[in-house]
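Here's a quick briefing to read with the model open beside you. Take it topic by topic, and find each residue on screen as you go.

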Amino acid sequence: MSAFPARLAARPTAALGPAARNPTAPRPHAAHDRGAATAPGRRAPGSTAAALLIAAAASGISGPSLALPTAAHALGVPTASAAWLMTAYGLGLLAGTPLLSGTAGRRGPAALVRAGAALVALGAAIVLASPAALLPLAAGRAVEAAGAAGLTVAAFRIAGRDRTGRSTGLVAIGNAAGGTLGLFVGAGAAQLLGWRAALVMPLLALAVLPAVLRPAGQAGRAGESGQSGQAGQAGETGPAGSPRPRFRDALPLGLLRRPGFRRPALLMLALATVNFALVYGAPRRVTALTGWGPLPTGAAVASVALVGALLSWQLVRLAPALGTARVRVLLATGSTAAAAAAAFAPWPPVVLLGSALSSLVTAGGQGVLTGSAVGGLAPERQGGAIGLFNLAFPAGVAAGPALAGFADQTVQFLY
């Protein structure tokens with residue numbers, strides 16, 4: 001996966017956000033430039049490891065999808081109710097992102113990685129030890145997801161030292177690749193080890209820890225170096241010298257009043273919601289149209305979605321030339337077309353094409369819109385802005401399967 005964008009290393013992709021296009025936009029302090037940025041045309045150190053980490057964490061999003069009918073039978077609930085095992089993961093991501101960013105995140109990416117890995121292990125233990133009941137299993141999945149949220153934020157912080165957007169795009173592709181391959185890997189794990197194995201896919205992230213902790217530590221030290229000369233300017237204390245509330249800083253809700261942040265965040269929420277509705281619904285649609293079993297269905301859907309995720313690199317690469325407005329129109333149009341194709345087309349290849357297109361615009365959107373959302377912000381505000389922006393993704397993870405499950409039980413869009 002890392003070899004794919006390496007071929008494009010000589011082509012700069014700056015100008016993903018207003019700061020890159022506007023020479024008068026706030027620029028980072030010189031010390032920050034020396035400590036945190038990478039040389040032009042090179043990815044941030046550790047970005048490949050960060051992409052693998054986030055891919056393993058993201059496999060938990062889609063891992064249970066094809067095992068839900070078996071899990072529902074074991075739990076004695078409808079399949080649509082078992083979709084809460086996926087929705088709980090999104091809710092855990094939604095809660096874990098600001099929580100870990102505001103606590104362990106203060107100590108740098110390495111602390112985030114360690115805290116996230118511990119929560120992933122704890123959540124997996126709850127899932128494996130719980131009785132066959134929906135509530136404790138969903139709780140374990142939420143704890144797993146909170147840990148995965150920490151790993152996700154850490155991965156983007158490691159990649160964030162590269163201001164060209166290449167490393168962020170690579171990590172976004174890793175996120176999409178893990179989320180799509182989780183379909184097939186989860187189906188295989190369920191068949192070999194039982195349906196609970198599909199619920200603990202984020203455990204794969206533990207295998208990547210040795211490769212990611214060193215660059216995470218370097219990223220933390222670089223950030224401290226860059227911020228040391230800006231402590232007074234960044235506002236380490238609040239009014240009258242009182243300590244600034246760190247948790248609030250990790251989730252700066254005031255950014256929602258800024259159109260330059262709010263618009264890309266809302267678009268990212270829409271893209272993610274559609275994408276994860278299809279992660280739940282498209283495999284069922286393919287199965288209904290073809291009669292395939294879980295493994296062939298998982299292989300087909302995961303393959304086309306992975307192709308879409310990889311092709312998203314071209315969108316990241318072309319985004320500066322296209323401009324912000326055109327990119328947003330392309331993302332919105334592509335997501336709408338993907339939803340229509342996957343939900344209504346009577347031909348399996350078109351349903352699969354819809355999954356691929358949704359994966360492409362979601363991965364590409366996360367890479368491009370992140371830069372657009374934080375562009376123009378002072379360096380000390382960018383970490384909190386990225387954390388808040390990334391909440392759009394888990395919100396879509398939670399909302400998508402819930403909406404698709406509702407469609408299953410009511411208007412039957414997905415069958």
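About 16,400 Å² of the protein chain is exposed, and carbon and sulfur atoms supply 67% of that area. Keep in mind that you're looking at a predicted model. The chain has 415 residues, and 55% of them count as buried.

**The overall build**
- If you go hunting for strands, you'll come back with zero, but you'll find 19 helices in the protein chain.
- Now take the contacts between residues at least 6 apart in sequence: 84% of these join residues at least 24 apart.

**Aromatic pairs**
- Searching the whole structure turns up two aromatic pairs.
- Let's start with Phe 261 and Phe 389, whose ring centres are 6.4 Å apart. Their planes meet at 80°, and an angle over 60 degrees counts as edge-to-face, so that's what this pair is.
- Phe 261 belongs to helix 14 (residues 259-290), while Phe 389 belongs to helix 18 (residues 379-390). With their positions 128 residues apart in sequence, the two link distant parts of the chain.
- Are these two rings buried or exposed? Phe 261 has 0% relative accessibility and Phe 389 has 1%; the cut-off for buried is under 20%, so both make it.
- The other pair is Phe 276 with Phe 393, also edge-to-face, with 5.2 Å from centre to centre and 90° between the planes.
- Phe 276 is in helix 14 and Phe 393 is in helix 19 (residues 392-409), so this pair ties together parts of the chain 117 residues apart in sequence.
- Phe 276 and Phe 393 are both buried, too.

**A charge over a ring**
- What sits over the ring of Tyr 280? It's the charged end of Arg 284, at 4.2 Å from the ring's centre.

**Around Leu 306**
- You'll find Leu 306 in helix 15, which covers residues 294-322.
- Which residues does Leu 306 touch, if you skip those up to four places away in sequence? They are Ala 177, Thr 180 and Leu 181.
- Gly 174 is 132 residues from Leu 306 in sequence, yet in space the two are 9.7 Å apart, going from C-alpha to C-alpha.

Note on methods:
Residues are numbered from 1 along each chain as its sequence is written. This is a predicted model: local features need pLDDT of at least 70, side-chain atom pairs count only at pLDDT 80 or more; totals for chains, interfaces and linings use all residues. Side-chain values use heavy atoms; hydrogens and water are left out. Rings of Phe, Tyr and Trp (its six-membered ring) pair if their centres lie within 6.5 Å; planes under 30 degrees apart count as stacked, over 60 as edge-to-face and the rest as tilted. Helices (H or I, at least four residues) and strands (E, at least two) are DSSP runs, numbered from the N terminus. Buried means under 20% relative accessible area, exposed over 50%, partly exposed in between (1.4 Å probe, protein chains only). A charge sits over a ring if NZ of Lys or CZ of Arg is within 6 Å of the ring centre and within 35 degrees of the ring normal. Contact means heavy atoms within 4.5 Å. Accessible areas come from the Shrake-Rupley method with a 1.4 Å probe; for residues, only the protein chains shown count as cover.
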